[in-house]
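User: I've got a model open and I'd like to learn how to read it feature by feature. Can you walk me through it?

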Amino acid sequence: MSPDLTTPMRVAPVTLEGRRVRMEPLDLGRHWDGLLAIGLDPDLWKWTINRPGTAAELREYLETALEEQRQGRSLPFATVDRVSGRVAGCTRFGNIEPRHRKAEIGWTWVGRDFQRSHVNTEAKFLMMSHAFETWGVVRLELKTNLLNRKSRDAMLRIGCIEEGVLRKHMISDAGVRRDTVYYSVLDDEWPAVKARLESLMAR
């Protein structure tokens, strides 16, 4: 059923509880040590705009996310593996536009020990479910470096639609120009994407 587009889209920090993953509102008091333990792996930042290489740079990156949350533009999470209780990564809703009922999922990184596991799939499921079924968004955006074939294949695998490439779209902290490829999921596409995610989680 389509959302009532006249109903306000209320964005606020929330805990998203899954079977094996819990998405907790980012809190540097609680999550900093866990994020620091995994967040300086240079492989995490190979394709990204931000390239934190020190604890201070990682802290600044996370504080920027929290500042955007205060401005109503982002909603950052620490991704927690429920089985081990460890912080597995970080992600966020960004570019939130309640007026147009859309948001972006991105800024996602997962620690080496949790890559190729249940973590990222269930995190995407929880976030997309919240966006479509609680907020009533009509559009979710995702984007990545054009050269990041692994990320692009993962988006296509769950049913995201590739929309096109923005050339020389961004410049990284290292001064490297990047072409960005955009993907989206619309509200009427969500049931099929949800079914794909549920199938992947069941494996």
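User: Let's start at the end of a helix. Which residue just after α3 takes a positive phi?

Analyst: Keep in mind that this is a predicted model. The residue is Gly136, just after α3, with a phi of about 75°.

User: And what happens at the other end, at the start of α3? Which side chain reaches a backbone nitrogen there?

Analyst: Look at Ser117. One of its side-chain oxygens comes within 3.2 Å of the backbone nitrogen of Val119.

User: How do I check the length of a helix like α3 against what its residue count predicts?

Analyst: Take 1.5 Å a residue and compare with the distance between the end C-alpha atoms. Helix α3 covers residues 118–135, which is 18 residues, so it should span 26 Å. The end C-alpha atoms are 25 Å apart, and that agrees.

User: How many of the residues of α3 are buried?

Analyst: 15 of its 18, so α3 is mostly covered. The cut-off you need here is that buried means under 20% relative accessible area.

User: Can you give me one residue to click on inside that helix?

Analyst: First the general idea: an α-helix has 3.6 residues a turn, so residues three or four places apart point the same way. Now click on Ser129, which lies in helix α3. Ser129 is buried, at a relative accessible area of 10%. The side chain of Ser129 reaches the backbone oxygen of Phe125 at 2.8 Å.

User: Which side chain does Gln71 contact, and where does Gln71 sit?

Analyst: Gln71 is in the loop between α2 and β3. The side chain of Gln71 makes a polar contact with the side chain of Glu67, at 3.1 Å. Gln71 is partly exposed, with 43% relative accessibility. If you want another distance to try on screen, go from Gln71 to Thr15: the two are 56 residues apart along the chain, and their C-alpha atoms are separated by 19 Å.

User: Now pairs of helices. How do I describe the way two of them pack?

Analyst: Two packed helices are described by the angle between their axes and the distance between the axes. Try α1 (residues 28–39) and α2 (residues 55–70): their axes come within 11 Å and cross at roughly 135°. That makes α1 oblique to α2. The crossing of α1 and α2 is right-handed.

User: What about α3 and α5: how do their axes cross?

Analyst: Helix α5 is residues 190–202, and its axis comes within 10 Å of that of α3, crossing at roughly 155°. Angles over 145 degrees count as roughly antiparallel, so α3 and α5 are roughly antiparallel to each other. Their crossing is left-handed.

User: Back to phi. Which residue in strand β4 has a positive value without being a glycine?

Analyst: Asn95, with phi near 45°. Asn95 is placed in strand β4 (residues 87–97), and it is partly exposed at a relative accessible area of 40%. Lys168 is another case to look at: its phi is positive, about 45°, although it is not a glycine. Lys168 is found in strand β7 (residues 161–171), and at 58% relative accessibility it counts as exposed.

User: What about strand residues with little accessible area?

Analyst: Have a look at Pro76 in strand β3. Pro76 is buried, at a relative accessible area of 1%. Asn145, in strand β6 (residues 139–145), is buried too, at 9%. For a sense of distance, Asn145 and His130 are 15 residues apart in sequence, with their C-alpha atoms 26 Å apart in space.

User: Last one: how many disulfides are there?

Analyst: A disulfide is a covalent bond between the sulfur atoms of two cysteines. The cut-off to apply is a pair of cysteine sulfur atoms within 2.5 Å, and the count here comes to 0 disulfides. Cys90 is in none, with the nearest cysteine sulfur, that of Cys160, 20 Å away.

User: Why does Cys160 not form a bond with Cys90?

Analyst: Because the sulfur of Cys160 is 20 Å from the one in Cys90, its closest cysteine sulfur, and that is too far for a bond. As for surroundings, Cys90 counts as buried at 4% relative accessibility, and Cys160 is buried at 3%.

Definitions and conventions. Residues are numbered from 1 along each chain as its sequence is written. This is a predicted model: local features need pLDDT of at least 70, side-chain atom pairs count only at pLDDT 80 or more; totals for chains, interfaces and linings use all residues. Side-chain values use heavy atoms; hydrogens and water are left out. Buried means under 20% relative accessible area, exposed over 50%, partly exposed in between (1.4 Å probe, protein chains only). Helices (H or I, at least four residues) and strands (E, at least two) are DSSP runs, numbered from the N terminus. The expected span of a helix is 1.5 Å times one less than its number of residues. A polar contact is a pair of N or O atoms within 3.5 Å; within protein, one must be able to donate a hydrogen and the other to accept it, and residues adjacent in sequence count only if both atoms are side-chain atoms. Axes are lines fitted to C-alpha atoms, for helices over the stretch in contact, and angles run from 0 to 180 degrees between N-to-C directions. Angles under 35 degrees count as roughly parallel, over 145 as roughly antiparallel, 65 to 115 as roughly perpendicular and the rest as oblique. A crossing is left-handed if the near helix is turned anticlockwise from the far one by less than a right angle, and right-handed if clockwise.
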